Amino acid sequence: MPRLPLGDWVDSAVNWLQDNLSWLFNAVSWLVNHLYDWIFDVLSAPQPLLLAGIFAVIAWWLRSLSAGVLAFIGFALIDSIELWDHSMQTLSLVLVATVLTLVIGVPLGIWAARSKTVSQVFRPILDFMQTMPAMVYLIPGVIFFGVGVVPGIIATIVFALPPGVRMTELGIRQVDEELVEAADAFGTPPRQTLLRVQLPLAMQTIMAGVTQNVMLALSMVVIAGMVGGGGLGGDVFQAIGNVNIGLGFEAGISIVIVAIYLDRMTGALGQQVSPLGRRTLAKAREMASGVAGLKVWNHRPQPVVALVGVVVLALAAGGIGLFGGSDSGTAKVADTQNVGHGKSVSIGYIPWDEGIATTYLWQELLQERGYKADVRQYDAGALYQGQANGQIDLQTDSWLPTTHAAYWKKYGSKLEDMGKWYDQTSLEVSVPSYVKGVKSMADLKGKSKEFGGRIIGIEPSAGEMGLLKTKVLKAYGLDKEYTVTDGSTPSMLSELKRDYQAKKPVAVVLWSPHWAYSTYKLTKLADPKNAWGKGDSIHALARKGFTADNPTVAGWLKNFHMSETQLSSLEAEIQKAGKGHELDAVKTWLKANPGQAGKWAPVPKQNKAVAAAVAKEAARPLNVAWFPWDEDVAATYLWKEVLAKRGYTMNLKQFDVGPMYAALSRGQLDVQFDGWLPYTQKPYWDKYHQDLTKIGYWYGPTSLEVAVPSYVKGVKTYSDLKGKGKEFGNRIIGIEPGTEEMNLLKHKVLPTYGVDKEYKVVDGSTPGMLAELKRDYAQKKPVAVVLWSPHWAYSTYKLTKLADPQKAFGSGDKLTTVASKKFPQQYPQLTKWLKNFHMSDAELGGLESQIKKAGTGHEEDAVKAWMAKNPGIVDKMAPM
């Protein structure tokens with residue numbers, strides 16, 4: 001029978017969905033991410049024991065005093081084993097998945113209960129969803145939504161949805177028909193019958209479905225750890241991958257505590273909201289009231305008391321400063337070493353020893369250079385998919401061209417190859433040296449019983465495993481005699497250790513370099529037929545665009561190389577330190593290899609003379625003037641952030657233009673960055689220039705103009721304004737009076753074109769002019785406003801700059817830094833930096849846009865965000 005290409009059809013469908021519905025997947029991803037972030041922020045805000053107290057009060061109210069005590073003990077245990085943050089991540093995942101599952105499942109269950117046809121259609125679909133292996137849902141989740149929490153939550157929703165639908169339908173169908181008929185007989189509308197009769201009576205069954213949803217969600221988010229879902233699932237995945245029994249038990253007991261708490265709370269809540277459940281609880285309390293001990297432990301407070309308890313704990317957290325907190329875990333970096341300035345870099349790895357070693361090595365190097373390095377373990381497929389989607393920045397353990405050939409073929413066009421850092425690898429099967437007569441692959445023939453008919457493998461997705469199964473064994477006629485056991489690198493090493501100690505024959509999949517060869521006496525089986533092919537090189541890979549975003553880090557990686565001695569010794573140090581202490585091992589290794597960090601991640605050497613000058617200047621605070629023109633706000637806050645990183649303190653003071661020049665001339669201010677010279681601010685410069693210093697211009701030339709919306713037809717030049725005064729209300733909306741642009745417009749430009757009698761220039765302010773433009777533009781009303789270039793308004797609105805063929809506005813200005821007379825003597829190094837300061841159209845426009853997007857009061861945050869997109873700007877503006 002010919003093979004049905006079902007898999008190919010599914011692949012084609014998935015590709016079509018990716019190409020045509022990516023906007024939908026992005027929207028869903030945005031919604032789910034924001035829901036998760038919001039819930040996690042709430043759960044991670046209080047100190048752990050305080051939130052445990054809140055959970056305990058809720059348990060006390062819903063169940064009993066004993067439940068509250070046990071809940072507190074359980075969550076305190078989670079905190080004591082340092083898995084609190086991961087537990088809150090898992091709880092956030094479960095809550096988001098459960099809420100979305102109920103939002104979808106309950107209405108579908110109601111629909112199925114009210115229509116037999118819908119119920120019959122749903123039944124096979126729900127059967128399919130429940131019986132499909134849970135891990136399969138991760139595959140489309142990763143493809144459509146990338147790696148991280150979103151695919152985990154989406155897969156959880158799909159997996160946990162059927163019980164919610166089924167139990168809602170069952171609960172409504174179990175409501176006594178006579179009650180429904182009685183409601184109908186009294187003329188109750190169907191909606192009211194549903195809300196007031198069927199749902200209340202079905203609530204206990206529906207809540208049982210909610211409990212099932214929660215439990216299934218918990219089981220699924222653990223599996224989601226394979227695709228970077230984080231939380232306790234990530235710990236379980238790491239424990240399995242590394243055969244770490246301790247971590248596995250700690251993560252497992254944490255999951256059990258969270259599961260029991262959620263199960264008991266949802267069950268108790270189901271009884272509280274159901275009339276039948278409340279009657280059952282009342283009978284149980286009546287029976288327990290006669291026993292003194294039970295009465296105490298079964299005590300439940302009134303809802304108001306419980307609410308007050310939760311509120312008091314929450315207020316206590318805020319009152320004693322327990323919410324939020326500082327990031328004490330972030331190491332302080334010397335300014336001379338701070339290349340990254342807090343920029344985040346994500347690194348993924350699969351649990352292969354050289355990958356673990358180099359990943360944690362680069363985490364430490366990047367953190368020493370001022371970056372925030374986020375490290376997560378992934379399955380190989382999820383790692384490559386995440387990089388291709390742009391969600392993971394780096395990986396350091398790509399074996400090319402053979403082992404990871406399939407992944408490179410599929411995702412290579414979306415990745416950047418940083419180059420090979422190790423070039424002496426080989427793939428092989430190895431046996432202990434006490435196994436006699438087995439020196440080559442051919443020697444394995446006829447000895448399968450001795451080895452249990454199996455070769456212990458690693459991750460099934462590894463290219464080495466594919467080569468062994470499909471090529472190497474066949475080349476030596478061993479494919480019928482041996483089975484390659486899928487597993488993981490740590491499990492293979494665990495099997496090797498166990499059998500080696502027992503002196504049992506064992507054949508394992510290995511590669512060189514590997515620390516196992518220095519730990520055990522092993523024989524690499526020769527490959528005279530060259531079935532394994534040429535050895536791989538180990539490459540570092542980055543997502544597309546990483547080099548443009550992080551040129552410094554990319555340069556470091558491209559020059560990164562390790563010798564076999566260095567790699568083996570680092571791997572050995574990590575093995576010696578044990579699981580969970582990889583960073584400590586890296587730090588120990590770097591101390592034993594001084595200068596290596598500087599070689600792999602070099603930083604520019606600081607000029608001692610410049611450093612001394614900066615230290616002297618920075619002791620005196622800078623008084624900087626600014627006025628609310630967009631380019632001035634941008635330049636001022638940019639310099640404030642840059643100089644803060646060089647140790648300067650900048651005091652900002654807002655002024656009108658005239659008073660600012662007067663204060664600068666008297667030495668009350670040190671500098672301002674927005675001198676429009678030689679024209680716009682000419683009167684002020686002429687008046688005060690003898691007591692001022694012109695440092696230099698940083699942008700130019702500019703242009704001054706009047707602009708109108710492009711929907712205003714027939715107005716392209718100032719001459720076109722003639723005779724159309726009524727259309728514009730006989731006015732031109734101006735900015736601050738006294739500026740040279742306003743003076744030029746009133747006394748020269750308008751008379752030159754003969755429209756000075758027809759139009760009045762309205763004095764105001766830049767924000768007032770922009771507000772008027774926004775209002776009239778939204779209403780499609782004709783409006784003429786005073787503008788200049790550059791200005792973000794031209795990218796926000798479609799405007800026409802009125803042509804000035806008679807050059808009445810004159811030539812354009814240059815944006816100039818103007819300082820007090822003594823400024824060059826007081827700040828000689830800063831003066832040099834300011835003289836060399838220049839911004840392009842793209843840089844200034846991008847910064848202005850970022851500040852406008854952030855809004856008033858968030859200028860510093862906007863500047864930081866812009867600087868993160870422009871790495872190296874600090875060293876460019878203020879080189880040391």
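This briefing walks through one buried strand and one helix pair. The model is predicted, so please read every value here as computed from it. Strand β8 covers residues 508-512, while helices α7 and α8 span residues 138-145 and 149-173.

**Strand β8 and its partner**
- All told, 5 of the 5 residues of β8 are buried, so the strand is largely enclosed by the rest of the structure.
- Looking at the two faces, you will find Val508, Leu510 and Ser512 buried on one side, with Val509 and Trp511 buried on the other.
- Strand β5, residues 426-432, runs antiparallel to β8 and is joined to it by 5 bridges.
- Within this pairing, leucine 427 stands opposite tryptophan 511 of β8, and Trp511 is one of the buried residues named above.

**Helices α7 and α8**
- The axes of these helices come within 8 Å and cross at roughly 135°.
- That angle makes α7 oblique to α8, because it lies neither over 145 degrees nor in the 65 to 115 range.
- The crossing of α7 past α8 is right-handed.
- On the α7 side, the contact is made by Leu138, Gly141, Val142 and Phe145; α8 contributes Val150, Pro151, Ile154 and Ala155.
- By character, the contact residues divide into 7 nonpolar, 1 polar and no charged.

**Proline 140**
- Helix α7 also holds proline 140.
- Its relative accessible area is 32%, so proline 140 counts as partly exposed, falling between the 20% and 50% cut-offs.
- Proline 140 and alanine 155 are 15 residues apart in sequence, and their C-alpha atoms are 8.5 Å apart in space.
- Alanine 155 belongs to the α8 side of the helix contact.

Conventions
Residues numbered from 1 in each chain as written. Predicted model: local features only at pLDDT ≥ 70, side-chain atom pairs only at ≥ 80, totals over all residues. Heavy atoms only, no water. Buried < 20%, exposed > 50% of the residue type's maximum accessible area, 1.4 Å probe, protein only. Helix = DSSP H or I, 4+ residues; strand = E, 2+ residues; numbered from the N terminus. Pairing = 2+ DSSP bridges. Axes fitted to C-alpha atoms, helices over the stretch in contact; angles between N-to-C directions. Parallel < 35°, antiparallel > 145°, perpendicular 65-115°, else oblique. Left-handed = near helix turned anticlockwise from the far one by under 90°. Contact = heavy atoms within 4.5 Å. Nonpolar A, V, L, I, M, F, W, Y, C, P; charged D, E, K, R; others polar.
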